[in-house]
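This briefing sets out selected features of the structure shown below. The points are grouped by topic and may be read alongside the model.

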Amino acid sequence: MKSIPKSLIAGVVALAAVTGLAALTAPGDGGVTGAKAAARLPVERSSLLCPAPSSSDLAETTYTSVTPAGKDGAKGGAAELEPAQALPVDEDAPADEDAAKDGKKDDEEKEKAADGKPVVSLKELGEPVTADTAKADAPALIGTATGAFAPGWAAQQTTTTAAGGARGLLGVSCTAPDTDFWFPGASTAKDRQDYVHLTNPDDTAAVADIELYDADGPLDSEVAEGITVPARSSVPMLISTLTGEQAENVTVHVTTRTGRVGAVVSSAEDGVGSDWLSASADPAGTQVLPGIPADATSVRLVAFAPGDDDADVKVQLLGKSTTFSPAGNATLHIKSRMTASVDLKDVTRGEPGSIRLSPAGGGATPVVAALRVVRGTGAKQEVAFIPATGPVGERSTVADNRAKGSVLSLTAPGATAEVKVTASAGSEGGEPSVKTYTVKGGTTLEVTPEPPAGLKGGYALTVETESGGPVHAARTLEVKESGIGMFTVQTLPDDGGTVEVPSAEQDLSVLDD
């Protein structure tokens, strides 16, 4: 009988906490034998990427970073957001320059890239830290958290642009790097300027492909393949320049051939405003899109079926007290690899709500989805986007909440659930507060969070599922500017702060061949 050394087992368990490894298999074996229940351990490293904010001279951007206080009292580690490389590395520099000159040049380049740019570094768990910039050339930020700061680390980028074509409140939760992203809800229409921002956190170049789909299928493009994203850099791509075709509703699919990137779409619409569109949850038969404001004047649902099969889905609004189908839009047929959309108008009719998409027939064809939401009318319209999102799960955190203007939407698409909501200490002072809410199954509960006592600055909201069914959540942040209620919506999927790892006490022995 062969045995795996205990030192190797311990190494794999440690690696799992860093990489998310959830299973351990001996060579030639179908799985672990005699296994005890796997444990969940805090992750030891997290990465977040914030795109370059608005290039408008009128833009003011706030970065907020926080890691919620853990239950185990762990200490040590760090969490910091640093500027992405602003200038390309000069690979043609003379080879015979001495090391001192090379080192001096490198230092100068770093100083030039970081000059005047925000760097956010956490000091204590549960205490947000903010940084501001009004620079039009502010770069993307690349961040890493380690040790006790890694589990649940969250960062928010919020930009206020008071006037101009990019007017609006643009909010985005900084994202983890990945290799596959779906963005239903983008556009190549004449009145839209949508950019997909690709940020590479690693020390080697990444290569990405972008696919575009409208209501008739794939859009032709000769320049959307093999896009190089240099090491620790960010590349914005104007979506309308990737194809010669104009389309009102477009699904953007970003994948990488090599490396990984953070991806998010910025959207500016003439006369309506601007905001960020984050990626939809991974393709699934059922999707939940939480947090439609009660006073929404226009809601458009955009959905896409990436597989070979068409999808027929039920469209339901989870309202304040019950679940119902919008009149005339009880179902939506989504053809394979064609973007489908439906105008739900003022579907919430004065009450907060969320959309649930679920299979209308026997099969559960995977789909992705997003909502374009407009508040106000005429010259006072303002737009935001809500992508489909996963449940809060064990815990989720959203940063940059303020004394006024923050609203939390909690949706229980299945069974009734109870959640705990913690308002952190303020970035400049204040004591945390905790409140528990019960969310009735099939409804959306909208609450105005209770700010920390003695709040100074901004604060974070952490939502934890205590009991019952899954809960999906979103935070709406509103800022009044020139009589316009500018707003942005961020969803709160599970923060992935823990990973399932095999127990070191498992019997990992395998039989001889």
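**Strand E30 and its partners**

Strand E30 and strand E35 (residues 459-468) run antiparallel and are joined by seven bridges. The model under discussion is a predicted one. The points below begin with E30 and its partners, then turn to a four-stranded sheet, the disulfide, the aromatic residues and isoleucine 484.

- Within the pairing of E30 with E35, glutamate 418 stands opposite serine 467 of E35.
- Strand E32 (residues 433-439) is also joined to E30 by seven bridges, and these two strands run antiparallel.
- In the pairing with E32, valine 421 faces lysine 435 as the residue opposite.
- Strand E30 spans residues 417-423 and has two distinct faces: Ala417, Val419, Val421 and Ala423 make up the covered face, while Glu418, Lys420 and Thr422 make up the uncovered one.
- Two residues of these faces recur in the pairings: Val421 belongs to the covered face and Glu418 to the uncovered face.

**The four-stranded open sheet**

- Four strands form an open sheet in the order E24-E20-E26-E27, and their pairing is antiparallel.
- Strand E24 (340-345) and strand E27 (382-387) are the edge strands, each pairing on one side only.
- On average, neighbouring strands of this sheet are turned by 20° against each other, with direction ignored.
- Five bridges support the antiparallel pairing of strand E20 (residues 296-304) with E24.
- At this pairing, valine 342 in E24 is the residue opposite leucine 301.

**Strands E11 and E15**

- Strand E11 (residues 192-199) pairs with E15 in the antiparallel sense, over five bridges.
- Histidine 197 has proline 236 of E15 as its bridge partner.
- Strand E15 covers residues 234-238; Val235 and Met237 form its covered face, and Ser234, Pro236 and Leu238 its uncovered face.
- Proline 236, the partner of histidine 197, therefore belongs to the uncovered face of E15.

**The disulfide**

- The structure contains one disulfide.
- Cysteine 50 and cysteine 174 are the residues joined, with an S to S distance of 2.0 Å.
- The link between cysteine 50 and cysteine 174 is right-handed, with 105° about the S-S bond.
- Cysteine 50 is located in strand E2 (residues 45-50), whereas cysteine 174 is in the loop between strand E9 (168-173) and strand E10 (180-186), so the pair ties together parts that are 124 residues apart in sequence.
- Cysteine 50 has a relative accessible area of 0% and is therefore buried.
- Cysteine 174 is likewise buried, with a relative accessible area of 7%.

**Aromatic residues**

- Three aromatic pairs are present in the structure.
- Phenylalanine 181 and phenylalanine 183 form a stacked pair, with 6.3 Å centre to centre and 15° between the planes.
- Phenylalanine 181 and phenylalanine 183 are both buried.
- Tryptophan 182 and phenylalanine 304 form a tilted pair, because their ring centres are 5.4 Å apart and their planes stand at 35°, an angle that is neither under 30 degrees nor over 60.
- Tryptophan 182 lies in strand E10 and phenylalanine 304 in strand E20, so this pair ties together parts that are 122 residues apart in sequence.
- Tryptophan 182 counts as buried at 9% relative accessibility, and phenylalanine 304 counts as buried at 0%.
- One aromatic cluster is formed by Trp182, Tyr213 and Phe304.
- The charged end of arginine 375 sits over the ring of phenylalanine 487, at 4.8 Å from the ring centre.

**Isoleucine 484**

- Isoleucine 484 is placed in strand E37 (residues 484-491).
- Isoleucine 484 counts as buried because its relative accessibility is 8%, and the cut-off for buried is under 20%.
- Apart from neighbours within four places in sequence, isoleucine 484 is in contact with Arg167, Ala379, Lys380, Gln381, Glu382 and Val479.
- One of these contacts, alanine 379, is 105 residues from isoleucine 484 along the chain, and the C-alpha atoms of the two are separated by 8.7 Å.

Notes: Residues numbered from 1 in each chain as written. Predicted model: local features only at pLDDT ≥ 70, side-chain atom pairs only at ≥ 80, totals over all residues. Heavy atoms only, no water. Pairing = 2+ DSSP bridges. Axes fitted to C-alpha atoms, helices over the stretch in contact; angles between N-to-C directions. Buried < 20%, exposed > 50% of the residue type's maximum accessible area, 1.4 Å probe, protein only. Contact = heavy atoms within 4.5 Å. Disulfide = S-S within 2.5 Å. Phe/Tyr/Trp six-rings, centres within 6.5 Å; stacked < 30°, edge-to-face > 60°. Lys NZ or Arg CZ within 6 Å of the ring centre and 35° of its normal.
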